Amino acid sequence: MLSGFPASSQHDRDHVPTPNDSPTLLPDPQTGTQEGAAIETSSHSRPVPVPMHMPPQPTMSLASPEVWRTVCLLEVVSILWIPLCPWTRTQQVMSCGSGFIIDRRRILTNAHVVANAIDIRVRPHGSAKRFAGKVTTYGPDVDLAVVEIEEAVASDFWTSIGNVHPVELSHRLPALQETVQCLGFPAGGRTICVTEGVVSRVDSIELAAPADTTLVIQIDAAINPGNSGGPVFDTHGHCAGVAFCKDIRRTSDNIGYVIPAEVVRCFLQRCDGDSGYILSPSVPYRWHKLENMSLRAAHNVPDGVSGVLLTSVAPAMAKSLRVGDVLTHIDGRPIYDDGQIQLRGSELIQHRYLLRNKRIGEPTVFRVYRDNEEIEPPPVELCDLPPICPRWADVDYLPEYLILGALALVPLSQSHMWYKECHSELKATIHRWNKRWPGDRDDKEGLVLLVTVFAHELTFGYRRGWRVVETYNGISITSLRHLRELWLQTRAEVQKEKEKPEAERENSKGTFVRIGLQNDDDIWLEAEAAIAAEAGVLKTHAIERASYIRGDP
């Protein structure tokens, strides 16, 4: 597994990479061919001819010092939500990254550079003054963000940079071995840094959870902390992409990654929606390679058919795809038995690249082998299919919580996997539920995690934190909101019981709460005692309110 490192830096402390920052490369088999030869595939794949000519080498015209003035230093102060206690945040931290000016007076950078920012200062190259900025679009799914200058200082900012033209995004992927320049403000100094290298590879890598696969350009130019968000220019002087991370394994050297301009343009198009940024589409199925002879025979796939076997399909795709289909083409492009497609010439890439980079409103045409014939189902428009365990705080969920007596409960999110307290059973639960598509989750909106058992007489003897809550008094829990509603009903019952005459109350056994945990004993609480304990728990742990769920005032 390849560990990536986002190229941003901090003033006073080392950057600690998180799964949001760290991509993991899952190597795809590469098929190399000589010029003029056909691509070699499995014996069941149809060969595809490769053009006899090599692409012409572009005329060298790298970015000029005039273009350097579009590159900006971003100084960011941020605070993070704490998944273990979402009623509070971390202390503020300072970090640095890079960005560059694009059209419509916008500055493009990486999402991880400005994540959770509370203050952004932008200093363009050639200027000694820093200007206040703000995040207007945040796209953690592709690690890109847009920053704009605050209106109060915008005029001064644009005057300071003069008649500099915005960076022009390239409309092509750079060729292998093409020279590129990487600009930014990495660690080691306060002025602009220009490094040069070549394109080593164009590939699709799978980022560590919660992110998904993405198209990348691998270069050997130096990318260091602080380079994140800076432009990478090709030999035409156009921006080939955005620097975003590097491989820091001891066994690797000079491996940096760039988000291609093609992905950037799709991101910018998804920024223009009336409802804000729209997350990039998910791959709406799971698949298996069709290289194994027994697997092909079991599904009656003839020798002349190549593609991948669909093993699971999202309910949203039911009209076009079925489990057991052999997906042979996407938008007319053939898929080989190992799941790859032809990118250009003899270069191959995983077919998921075609789906992840779709624009809003762009239809996708699948072709499948089904019931002994190839058919073309109706075109579909892909969208994001969020997993049941939320991915990014302040993007697809807000940090929510419920204090029930002396228990702290939160929605189970993918960020909980970062902590050492997250045992293997809980990780397996997250993985298992995340494989279930929207519409196939037993009416569950989310999973609930008992994250903390506060020390209190009420909970003495209970040490069962980090357990999934399945039931409340025998009722299956569908979300944290559902659990809070049940708890409020219990509180109302207790209050009603207290209003009864003393004689009637003496014969009552009281009201109890039974919290059913996954693969563990239930927790029993006397409801009236839990209500009484709550105020003290909130005061002791400096918790302002007993619960917060999206939509609360």
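Colleague: Which residues of helix H7 (residues 424-434) are buried?

Modeller: This is a predicted model. In it, a residue counts as buried when its relative accessible area is under 20%. For helix H7, spanning residues 424-434, the residues that meet this criterion are Leu-426, Thr-429, Ile-430, Trp-433 and Asn-434.

Colleague: Seen down the axis of H7, within what arc do its buried residues fall?

Modeller: An α-helix has 3.6 residues a turn, so residues three or four places apart point the same way. The buried residues of H7 line one face of the helix, because, viewed along its axis, they fall within an arc of 120 degrees.

Colleague: Which strands are included in what covers the buried residues of H7?

Modeller: The cover is identified by contact, that is, by heavy atoms within 4.5 Å. It includes strand E16 (285-289), strand E26 (448-453) and strand E27 (467-472).

Colleague: How are helices H8 and H10 oriented to each other?

Modeller: The axes of helix H8 (residues 480-498) and helix H10 (residues 527-540) come within 10 Å and cross at roughly 105 degrees. Angles of 65 to 115 degrees count as roughly perpendicular. The two helices, H8 and H10, are therefore roughly perpendicular to each other.

Colleague: How many nonpolar, polar and charged residues does the contact of H8 with H10 have?

Modeller: On the H8 side, the contact is made by Trp-487, Thr-490, Arg-491, Val-494 and Lys-498. H10 contributes Ala-527, Glu-528, Ala-530, Ile-531 and Glu-534. Sorted by class, the contact has four charged, one polar and five nonpolar residues.

Terms used:
Residues numbered from 1 in each chain as written. Predicted model: local features only at pLDDT ≥ 70, side-chain atom pairs only at ≥ 80, totals over all residues. Heavy atoms only, no water. Buried < 20%, exposed > 50% of the residue type's maximum accessible area, 1.4 Å probe, protein only. Helix = DSSP H or I, 4+ residues; strand = E, 2+ residues; numbered from the N terminus. Arc of directions from axis to C-beta. Axes fitted to C-alpha atoms, helices over the stretch in contact; angles between N-to-C directions. Parallel < 35°, antiparallel > 145°, perpendicular 65-115°, else oblique. Nonpolar A, V, L, I, M, F, W, Y, C, P; charged D, E, K, R; others polar.
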